[in-house]
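Colleague: I've got the model open and I'd like to know what stands behind the labels people put on it. Can you take me through them?

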Amino acid sequence: MINRIIAYAGATEPAAARDFYVRILGLEVAMTDPVLTLRSPDNPAAQVIVLPDGDTPAPTFGVDVGDPAAVDAIHDEARRAGWRIVYPLTDEPWGVRRFFVEDPGGTVVNVLAHLPVRPPR
């Protein structure tokens, strides 16, 4: 199941990008670390993530599949089918399981799901 599709934008000047998306399009800041994430105040699933200049490989968009097990299944299928994995299957410190795969046209897609929140010890 796909929960949302997220657009990515590059930025040589993140502050200017933030100003553009907030002032011009009316988005609100949802997160600033590890990347600038902006979302619609009316539909929080509508997001733009601003990637710092030099992030490689930079995905063009992300597909949130809702469940880390689904990320694993898609990763396995992409490998079996011979698609190029350009960022390995990783549990990120900010709570996302993801990998990047290149589609037939060379577009890099971030396939992701949020990890379950673990209670503090």
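Colleague: Let's start with the largest pocket: how much space lies in it?

Modeller: About 470 Å³. Keep in mind that this is a predicted model, and that the volume is computed from its atoms.

Colleague: What makes that a pocket and not a cavity?

Modeller: A cavity is a space the 1.4 Å probe cannot get out of, whereas a pocket is an open set of points with protein on both sides. The general idea is simple: rolling a probe the size of a water molecule over the atoms shows where empty space is left.

Colleague: Which residues lie nearest the centre of the largest pocket?

Modeller: M31, V35, I49, W94 and R98, out of a lining of 26 residues.

Colleague: And which strands supply the lining?

Modeller: β1, β2, β3, β4, β7 and β8 each give at least two residues. The largest share comes from β4, with four residues. By type, the lining divides into 17 nonpolar, five polar and four charged residues.

Colleague: Since β4 keeps turning up, what makes you call that strand largely enclosed?

Modeller: A residue counts as buried under 20% relative accessible area. Five of the six residues of β4 are buried, so the rest of the structure largely encloses the strand.

Colleague: Where does β4 sit in the sheet?

Modeller: The order is β2-β3-β4-β1-β5-β8-β7-β6, so by the two-bridge rule for pairing, β4 has β3 on one side and β1 on the other. The sheet is open, has eight strands and shows mixed pairing.

Colleague: Why are β2 and β6 called edge strands?

Modeller: β2 (28-31) and β6 (85-91) each have a single partner strand, so one side of each has no neighbour in the sheet. From one strand to the next, the twist averages 25°.

Colleague: How do you know that the pairing is mixed?

Modeller: Take the two neighbours of β4. β1 (residues 4-11) runs parallel to β4 (residues 47-52), and five bridges join them. β3 pairs with β4 in the antiparallel sense, over four bridges. Two strands pair if there are at least two bridges between them, so five and four both qualify.

Colleague: Which residues are the bridge partners there?

Modeller: On the β1 side, A7 has V48 as its partner in β4, and G10 has L51. On the β3 side, L36 stands opposite V50, while T37 is matched with I49.

Colleague: What about the β2 and β3 pair, what is it called?

Modeller: A hairpin, with four residues between the two strands. They pair in the antiparallel sense over three bridges, and M31 in β2 stands opposite T37 in β3.

Colleague: Is T37 buried or exposed?

Modeller: Buried: its relative accessible area is 5%, which falls under the 20% cut-off. T37 lies in β3 and touches E28, V29, A30 and M31, as well as Q47, V48 and I49, leaving out residues up to four places away in sequence.

Colleague: Then why is A7 called partly exposed?

Modeller: A7 has a relative accessible area of 36%, and the class runs between 20% and 50%, so partly exposed is the right label. A7 is in strand β1, and beyond its neighbours within four places in sequence it is in contact with Q47, V48, I49, T60 and F61.

Colleague: And what makes P93 exposed?

Modeller: P93 reaches 77% relative accessibility; exposed means over 50%, so P93 qualifies. P93 sits in the loop between β6 and β7.

Colleague: What kind of peptide bond joins D33 and P34?

Modeller: A cis one, with omega at about 15°. P34 lies in the loop between β2 and β3. As a general rule, most peptide bonds are trans.

Colleague: Last one: which strands do the helices lie against?

Modeller: Helix α1 (residues 14-24) lies across β1, β2, β3 (36-39) and β4, at about 5° to β3. Helix α2 (residues 68-81) packs on the sheet and touches β6, β7 (96-102) and β8 (108-114), with its direction at about 25° to that of β7.

Conventions:
Residues are numbered from 1 along each chain as its sequence is written. This is a predicted model: local features need pLDDT of at least 70, side-chain atom pairs count only at pLDDT 80 or more; totals for chains, interfaces and linings use all residues. Side-chain values use heavy atoms; hydrogens and water are left out. Axes are lines fitted to C-alpha atoms, for helices over the stretch in contact, and angles run from 0 to 180 degrees between N-to-C directions. Contact means heavy atoms within 4.5 Å. Buried means under 20% relative accessible area, exposed over 50%, partly exposed in between (1.4 Å probe, protein chains only). On a 1 Å grid over the protein atoms alone, a cavity is a set of points where a 1.4 Å probe fits but cannot get out, and a pocket is an open set with protein on both sides within 12 Å along at least five of seven lines; lining residues have an atom within 4 Å of a point. Grid points are joined across faces, edges and corners, and a volume is the space filled by probe spheres set on the points. Ala, Val, Leu, Ile, Met, Phe, Trp, Tyr, Cys and Pro count as nonpolar, Asp, Glu, Lys and Arg as charged, and the others, Gly among them, as polar.
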